[in-house]
Amino acid sequence: MDTLNAALDLVLKAIFAAFRWSPGLGLALISAAAGVGMLWVFQKTSNQAAIRRAKRLVQAHLLELRIYRDEPGVMRRAQKSLLWANLRYMALMLQPALIMGIPFAILLVHLDAFYGRAPLEVGAETIVTMGVRGSGGGVPVLDAPAGVAVETPAVRVVDEGQVSWRIRPQSAVSGLLRIRTEGGAVEKSIEAGPGPRFVPGRKVSSLWDAVWHPDEPRIAAPQVEWVEIRYPDATLEWLGIRMHWLIWFIVISMLAALLLKKRFRVTF
């Protein structure tokens, strides 16, 4: 899993670096490519002939409702037929939607590190939290790189299995925090300062959690479950409009799919 995550991040980092002067344009290209990929998957995994028939049947029953609105018996039959036609249509759409859902979810999770979190502001405090297994063990120690001040000792919340520190970046930093525990040291990336950056989220130990938190290699220390820095949320400004990056992604990918669906001979 670490290898797969690193490979995908490497590709996205290259695109992000190439469009650092316009992150919105880089995201637009990724989103458009995702829309084309969605069309290709839909073309290969859906029964297009059956979908067309189901759509025509839905339209026919809707027309029937309009024409025979003054005949209650016909209306009831048309409503039942419309319901079953809609269910048939949704069933035909379900298979390609499920197949597309997995790669799309993985892509979105990776993109969040590039567009969803902003680096820490210089001079602004934040919290570093570590999830631990059990309540035993000594007190962990947090070592910060130059330019980051650790303002509190470790504060343990036993009931929640967490240890936290307050830190404050004093200058622009792109480095590693190091947490020393009895089971070994754990390193966590930290980003502070201006400019768009790759900002890793929670660092985890389990294989399943690494699917949803893929930004850094998994933790090897046996007592540590995860480490997280509280970053501010980011918004993306492009074409004079500022929105959450996920809205940009959905709008552009769907627009690309709609514009190119005839070329791919896809109906949905």
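The side chain of glutamine 48 reaches the backbone nitrogen of threonine 267 at 2.5 Å, and I begin there with the term polar contact, a pair of N or O atoms within 3.5 Å, where within protein one atom must be able to donate a hydrogen and the other to accept it, and where residues adjacent in sequence count only if both atoms are side-chain atoms. Before going on, I should say that this is a predicted model, in which local features need pLDDT of at least 70 and side-chain atom pairs count only at pLDDT 80 or more, while totals for chains, interfaces and linings use all residues. Residues are numbered from 1 along each chain as its sequence is written, and side-chain values use heavy atoms, with hydrogens and water left out.

Glutamine 48 lies in helix H3, residues 48-67, and here helices (H or I, at least four residues) and strands (E, at least two) are DSSP runs, numbered from the N terminus. Is glutamine 48 buried or exposed? With a relative accessible area of 10%, glutamine 48 is buried, where buried means under 20%, exposed over 50% and partly exposed in between, for a 1.4 Å probe and protein chains only.

A second contact of this kind involves serine 31, which is found in helix H2, residues 23-45. A polar atom of the serine 31 side chain lies 2.7 Å from the backbone oxygen of leucine 27, and serine 31 is buried, at a relative accessible area of 0%. It may help to recall that an α-helix has 3.6 residues a turn, so residues three or four places apart point the same way.

Let me turn to helix H4, residues 72-115. A straight helix of 44 residues would span 64 Å at 1.5 Å a residue, whereas H4 spans only 55 Å between its end C-alpha atoms; the expected span is 1.5 Å times one less than the number of residues. Where does H4 bend? The bend, of about 30 degrees, is at leucine 94, and a proline, proline 96, follows within four residues; the bend at a residue is the angle between axes fitted to the seven residues ending there and the seven starting there.

Helix H4 also brings us to the largest pocket, since H4 and strand E10 (236-238) each supply at least two residues of its lining. About 300 Å³ of space lies in this pocket, and of the 17 residues that line it, the closest to its centre are Pro119, Gly195, Pro196, Ala234 and Thr235. A pocket here is an open set of points, on a 1 Å grid over the protein atoms alone, where a 1.4 Å probe fits, with protein on both sides within 12 Å along at least five of seven lines, and lining residues have an atom within 4 Å of a point. By class, the lining has ten nonpolar, three polar and four charged residues, with Ala, Val, Leu, Ile, Met, Phe, Trp, Tyr, Cys and Pro counted as nonpolar, Asp, Glu, Lys and Arg as charged, and the others, Gly among them, as polar.

Next come two residues with a positive phi. Leucine 239, although not a glycine, has a positive phi of about 55 degrees; leucine 239 lies in the loop between E10 and strand E11 (241-243), and is exposed, with a relative accessible area of 65%. Arginine 265, in the segment after H6, has a phi near 55 degrees, again a positive value in a residue other than glycine, and at 67% relative accessibility arginine 265 counts as exposed.

Finally, I would like to compare sequence with space. Proline 169, in strand E5 (residues 162-169), is buried at 0% relative accessibility, and is 22 residues from glutamate 191 in sequence but 9.1 Å from it in space, C-alpha to C-alpha. Valine 211, placed in helix H5 (residues 207-212), is 101 residues from histidine 110 in sequence and 9.5 Å away in space, C-alpha to C-alpha. By contrast, valine 132, in strand E1 (residues 126-132), and proline 103 are 29 residues apart along the chain, and their C-alpha atoms are separated by 31 Å.

Terms used:
Grid points are joined across faces, edges and corners, and a volume is the space filled by probe spheres set on the points.
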